[in-house]
Protein chains: 2
Amino acid sequence: MTEIQALADRILAGDRRALARAVTLVESTRADHRAKATALMEALRGADRQALRIGLSGTPGVGKSTFIEAFGMMLIEAGLRVAVLAVDPSSARSGGSILGDKTRMERLSREKGAFIRPSPSSSQLGGVARRTREAVSLCEAAGFDVVLIETVGVGQSETMVAEMCDLFVLLLAPAGGDELQGVKRGIMEMADLILVNKADGDLKATATRTVSDYSGALRLLRKRPQDPEGFPKALPVSAVEGNGMETAWQEMQTLAEARKTSGWWDRRRAEQAAHWFEEEVRWGLLQRLHTDPQVRAAMGERAEAVAQGKMTPDAAAREMLEHLST
Amino acid sequence: MTEIQALADRILAGDRRALARAVTLVESTRADHRAKATALMEALRGADRQALRIGLSGTPGVGKSTFIEAFGMMLIEAGLRVAVLAVDPSSARSGGSILGDKTRMERLSREKGAFIRPSPSSSQLGGVARRTREAVSLCEAAGFDVVLIETVGVGQSETMVAEMCDLFVLLLAPAGGDELQGVKRGIMEMADLILVNKADGDLKATATRTVSDYSGALRLLRKRPQDPEGFPKALPVSAVEGNGMETAWQEMQTLAEARKTSGWWDRRRAEQAAHWFEEEVRWGLLQRLHTDPQVRAAMGERAEAVAQGKMTPDAAAREMLEHLST
């Protein structure tokens with residue numbers, strides 16, 4: 001496929017339009033597009049470029065867009081290229097998207113060194129995540145230095161983003177002690193860095209207190225043996241005023257370096273790749289039930305027999321599984 | 001298998017010890033047990049007995065155990081046989097169980113007409129739900145009139161319970177207007193009946209107000225065409241004092257009768273059976289990846305190649321899927 005090789009070459013040259021086209025290609029569910037996407041990913045595999053992949057989660061209202069805009073601009077000004085992708089489970093249902101509107105990050109979206117892409121819409125969160133994972137690889141091949149993968153604080157999507165990033169950052173609002181309970185323990189355990197946003201104006205004192213509350217909460221979790229002393233940690237930031245952003249970025253780099261030095265980084269990336277391979281196999285297997293006409297007919301027949309009470313679900317499933325394995 | 005036929009006969013005779021043994025059998029993941037379980041379910045299929053299957057959801061602290069105890073005792077006193085099963089996703093992880101301790105329902109558990117069974121523990125919620133669905137069928141075959149399927153208010157488990165019950169009841173605590181927001185819309189939409197518990201003592205007035213708040217909220221949801229006027233509805237109950245329990249039971253019967261008359265009941269049961277068939281096929285397909293030694297080896301080889309960066313996850317998955325379909 002010379003067409004695919006040409007696209008790969010343009011991506012490797014850092015061409016943003018080619019990157020955008022490639023992301024659209026990997027998001028497509030058409031069989032011919034899928035085959036091309038697989039070929040493209042293989043063509044880019046050798047590039048061996050790594051960005052720092054940062055997962056960023058935070059519930060609506062916490063100022064995530066403002067944070068990404070300010071954080072992204074800071075990186076751009078430091079001469080880095082920044083991609084922003086999103087895994088948004090609500091877009092899976094509504095077709096809407098947390099990143100649908102580039103006006104959310106008006107300054108960043110005008111920068112040459114930035115690439116902003118809304119969440120793919122798909123009927124399943126798994127599909128959204130699988131395609132975003134490929135978009136992350138495409139951004140790396142295109143030479144981006146930092147890839148931010150944004151998601152909303154609702155559990156399942158965090159778990160998936162954690163499987164495609166090197167660092168996980170949780171952005172939270174200043175809150176009273178009681179509200180700390182609202183952060184699910186599972187998400188807290190994923191965080192390498194908790195940033196308490198809106199540490200400015202009237203909320204500054206509350207933010208400081210919230211940081212120390214979260215610091216206390218984090219100390220109760222087990223320390224990760226691969227990380228330097230003090231991680232995971234909580235810090236105050238103000239996306240509006242820009243305070244604390246540099247410190248946050250330094251902490252991220254410290255953690256990333258330590259993980260590279262210890263070998264954890266490479267091991268984790270290898271594990272993640274294996275994870276997505278298994279995920280693709282699982283998805284592909286289930287997909288056959290819906291796409292292969294013969295399999296569909298066999299499923300339909302037995303579903304009908306089960307609905308009519310002529311077979312139990314279990315016996316029909318056993319029969320179907322035998323049918324599939326011959 | 002005469003052993004299985006003997007077990008089936010004892011279940012059909014209403015023998016609770018045989019029922020308990022059968023539930024243990026369907027919960028087992030051993031291949032030989034699974035084969036026996038399938039045979040047992042087939043042997044019981046002809047029985048064609050139907051219980052009223054009531055899904056019951058409510059967050060911890062709402063008084064669910066007290067409600068089930070009081071509601072169950074009322075049904076027992078009316079001459080009915082009552083089974084209580086549970087789908088508890090937390091038991092999937094911790095091995096603990098919301099129904100592990102029969103002292104939770106001390107009076108009910110001593111009744112001859114009652115059968116109480118904790119949630120099966122399994123590494124996956126799907127596994128918990130699939131086995132509970134079979135336990136429900138076993139209770140029906142054993143001649144129980146009402147099967148209560150209890151779960152906690154956390155989303156996914158509700159959806160699964162809704163796929164195995166005829167009526168879905170949501171048990172809630174009296175609450176201020178703000179807290180109404182806490183009930184996820186998806187779960188609200190599943191409810192046929194919202195019962196506001198603790199409508200007694202100091203909380204009586206709050207409970208009455210909460211009922212009218214929920215009634216208002218329910219009116220905003222689309223009415224289900226299969227149901228009589230006024231459903232879904234909210235009612236106050238006091239599990240401690242026994243108030244409102246009779247009314248709640250009457251409403252459940254009214255709704256069940258209407259659904260039977262309209263044909264919706266049978267259609268829904270047929271759909272549910274087909275759903276579980278598909279679920280069993282999906283699960284069985286994925287299971288092969290872990291159980292079949294040849295498939296496992298082929299998966300392991302490719303996962304290794306992906307981890308070493310020799311193949312992309314996508315290309316390796318394609319190869320694996322081709323390998324599986326030949």
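**View 1. Side-chain contact of B:Ser109 within helix 6 of chain B.** In this predicted model, a polar atom of the B:Ser109 side chain lies 2.9 Å from the backbone oxygen of B:Glu106. B:Ser109 belongs to helix 6 of chain B, which comprises residues 106-110. Its relative accessibility is 26%, and B:Ser109 therefore counts as partly exposed. B:Thr38 is 71 residues away from B:Ser109 along the chain, and the C-alpha atoms of these two residues are separated by 28 Å.

**View 2. The open parallel sheet of chain B.** Seven strands of chain B form an open sheet with parallel pairing, and their order is 3-2-4-1-5-6-7. Strand 3 (114-116) and strand 7 (233-236) of chain B are the edge strands, each pairing on one side only. On average, and with direction ignored, neighbouring strands of this sheet are turned by 20 degrees against each other. Helix 4 of chain B, residues 64-77, lies across strand 1 (52-57), strand 2 (82-87), strand 3, strand 4 (146-151), strand 5 (167-172) and strand 6 of chain B. With respect to strand 4 of chain B, helix 4 of chain B runs at about 180 degrees.

**View 3. Strand 5 of chain B and its enclosure.** Six of the six residues of strand 5 of chain B are buried, so this strand is largely enclosed by the rest of the structure. B:Leu167, B:Val169 and B:Leu171 point one way from the strand, whereas B:Phe168, B:Leu170 and B:Leu172 point the other way. Strand 5 of chain B pairs in the parallel sense with strand 1 of chain B over four bridges, and B:Phe168 is the bridge partner of B:Gly55. Four bridges also pair strand 5 of chain B with strand 6 of chain B, again in the parallel sense; here B:Leu172 has B:Val196 as its bridge partner.

**View 4. Pairing of strand 6 with strand 7 in chain B.** Strand 6 of chain B, residues 193-196, is joined to strand 7 of chain B by four bridges, and the two strands run parallel. Within this pair, B:Leu195 stands opposite B:Leu235 of strand 7. Strand 7 of chain B is one of the edge strands of the sheet.

**View 5. Buried and exposed faces of helix 14 of chain A.** Helix 14 of chain A (residues 293-307) has 15 residues, which at 1.5 Å a residue should span 21 Å; its end C-alpha atoms are 21 Å apart, in agreement with this expectation. The buried residues of this helix are A:Val295, A:Ala298, A:Met299, A:Arg302, A:Ala303, A:Ala305 and A:Val306. Seen down the axis of helix 14 of chain A, the buried residues fall within an arc of 160 degrees and therefore line one face of the helix. The cover over these buried residues includes helix 13 (264-291) and helix 15 (313-324) of chain A, together with helix 12 (264-291) of chain B. On the face turned away from the buried side are the exposed residues A:Pro293, A:Arg296 and A:Glu301.

**View 6. The two ends of helix 14 of chain A.** A:Asp292 caps the N-terminal end of helix 14 of chain A, with a side-chain oxygen 2.9 Å from the backbone nitrogen of A:Gln294. The helix is followed by A:Gly309, which has a positive phi near 80 degrees.

**View 7. A:Ser212 in helix 11 of chain A.** A:Ser212 is located in helix 11 of chain A, residues 204-220. With a relative accessibility of 44%, A:Ser212 counts as partly exposed. A:Ser212 and A:Pro236 are 24 residues apart in sequence, and their C-alpha atoms are 9.5 Å apart in space.

Key
Residues numbered from 1 in each chain as written. Chains lettered and ligands numbered in written order. Predicted model: local features only at pLDDT ≥ 70, side-chain atom pairs only at ≥ 80, totals over all residues. Heavy atoms only, no water. Pairing = 2+ DSSP bridges. Axes fitted to C-alpha atoms, helices over the stretch in contact; angles between N-to-C directions. Contact = heavy atoms within 4.5 Å. Expected span 1.5 Å × (residues − 1). Buried < 20%, exposed > 50% of the residue type's maximum accessible area, 1.4 Å probe, protein only. Arc of directions from axis to C-beta. Polar contact = N/O pair within 3.5 Å; in protein donor to acceptor, adjacent residues only side chain to side chain.
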